[in-house]
Amino acid sequence: MLYIVRHGKTDWNNLDKIQGVADVALNDVGQIQANDAAGRLAQFNFEYIVSSPLSRATETAQIIGNKLNLRVEYDARLREYDFGILTGQKRTDIPPDTLKSFFADPTRFGAERFTHAFARVANFMESTDFTRDILVVTH
């Protein structure tokens, strides 16, 4: 069985900024959330954790892994979507026409193709052994 956990809170979450592939660390609240998640997840018998390689996910995974005595592996296929030049911008500062253009053709903004993002996650899922209990920490 595959279990999925989202990373803890970051300062960019508080500012409503698009994180994308920016390597933003957990803040104090995010670290508390990761510790709380570890406590809730202790009832399961995970074999190991697989995490996105971005700091907010790796920190979350390491906190959970340390509390549950689990090894953490990293897989780039689990990283967040690359929003290109929209990365770091406040969501509320992006004009609606810009968002419409972005969703029509994200590559114009230096962003990842949606099909590429879907394909890398699908590739991860296809390579996963669902007979094993695995915790995934991602975005």
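## A charged pair across the chain

Arg-91 has a relative accessible area of 43%, so it counts as partly exposed. This residue belongs to a predicted model. Its partner is Asp-16, and the two form a salt bridge. Their closest N and O atoms lie 3.2 Å apart. The pair links distant parts of the chain, with the two positions 75 residues apart. Asp-16 sits in the loop between α1 (11–14) and α2. Arg-91 sits in the loop between β3 (72–74) and α4 (96–104). Asp-16 is also partly exposed, because its relative accessibility of 30% falls between the 20% and 50% limits.

## The overall build

The protein has 5 helices and 4 strands. Along the sequence they follow the pattern β-α-α-β-α-β-α-α-β. The C-alpha atoms fill a box of roughly 45 × 35 × 20 Å, taken along the principal axes.

The chain has 139 residues, and 42% of them are buried. Take the contacts in the protein with a separation of 6 or more: residues 24 or more positions apart account for 72% of these. About 7700 Å² of the protein is exposed. Carbon and sulfur atoms supply 52% of that area.

## More salt bridges

Side chains of opposite charge can pair when their charged atoms come close. In this protein the count comes to 7 salt bridges. One of them joins the side chains of Glu-73 and Arg-71, at 3.0 Å from N to O. Glu-73 has 32% relative accessibility, so it counts as partly exposed. Arg-71 is partly exposed too, with a relative accessible area of 46%.

Another salt bridge is formed by Arg-120 and Glu-112. Here the closest N and O atoms are 2.8 Å apart. Both partners fall under the 20% limit for burial. Arg-120 has a relative accessible area of 9%, so it is buried. Glu-112 is buried as well, with a relative accessible area of 7%. Salt bridges with shared partners tie Arg-79, Glu-112 and Arg-120 into one network.

## Thr-138 and its neighbours

Thr-138 lies in strand β4, which covers residues 134–138. Its relative accessibility is 16%, so Thr-138 counts as buried. The side chain of Thr-138 reaches the backbone oxygen of Leu-78 at 2.6 Å.

What does Thr-138 touch, leaving aside residues up to four places away in sequence? The list runs through Ile-4, Val-5, Arg-6 and His-7, and it also includes Ser-52 and Leu-78. Leu-78 thus appears both in this list and as the owner of the backbone oxygen that the Thr-138 side chain reaches.

## Out on the surface

Val-121, Met-125 and Phe-130 form a nonpolar patch on the surface. Together they have about 240 Å² of accessible area. Val-121 is in helix α5, residues 114–126. Is Val-121 buried, partly exposed or exposed? Its relative accessible area is 36%, so Val-121 is partly exposed.

Arg-40 is found in helix α2, residues 28–41. Its relative accessible area is 64%, which means Arg-40 is exposed. Arg-40 and Arg-6 are 34 residues apart in sequence. In space they are 14 Å apart, C-alpha to C-alpha. Arg-6 is also one of the residues that Thr-138 touches.

Note on methods
Residues numbered from 1 in each chain as written. Predicted model: local features only at pLDDT ≥ 70, side-chain atom pairs only at ≥ 80, totals over all residues. Heavy atoms only, no water. Buried < 20%, exposed > 50% of the residue type's maximum accessible area, 1.4 Å probe, protein only. Polar contact = N/O pair within 3.5 Å; in protein donor to acceptor, adjacent residues only side chain to side chain. Contact = heavy atoms within 4.5 Å. Patch = residues over 30% accessible without salt bridge, like charges linked within 9 Å, V, L, I, M, F, W, Y side chains within 5 Å. Areas by Shrake-Rupley, 256 points an atom, 1.4 Å probe, with all protein chains shown as cover. Salt bridge = Lys/Arg side-chain N within 4 Å of Asp/Glu carboxyl O.
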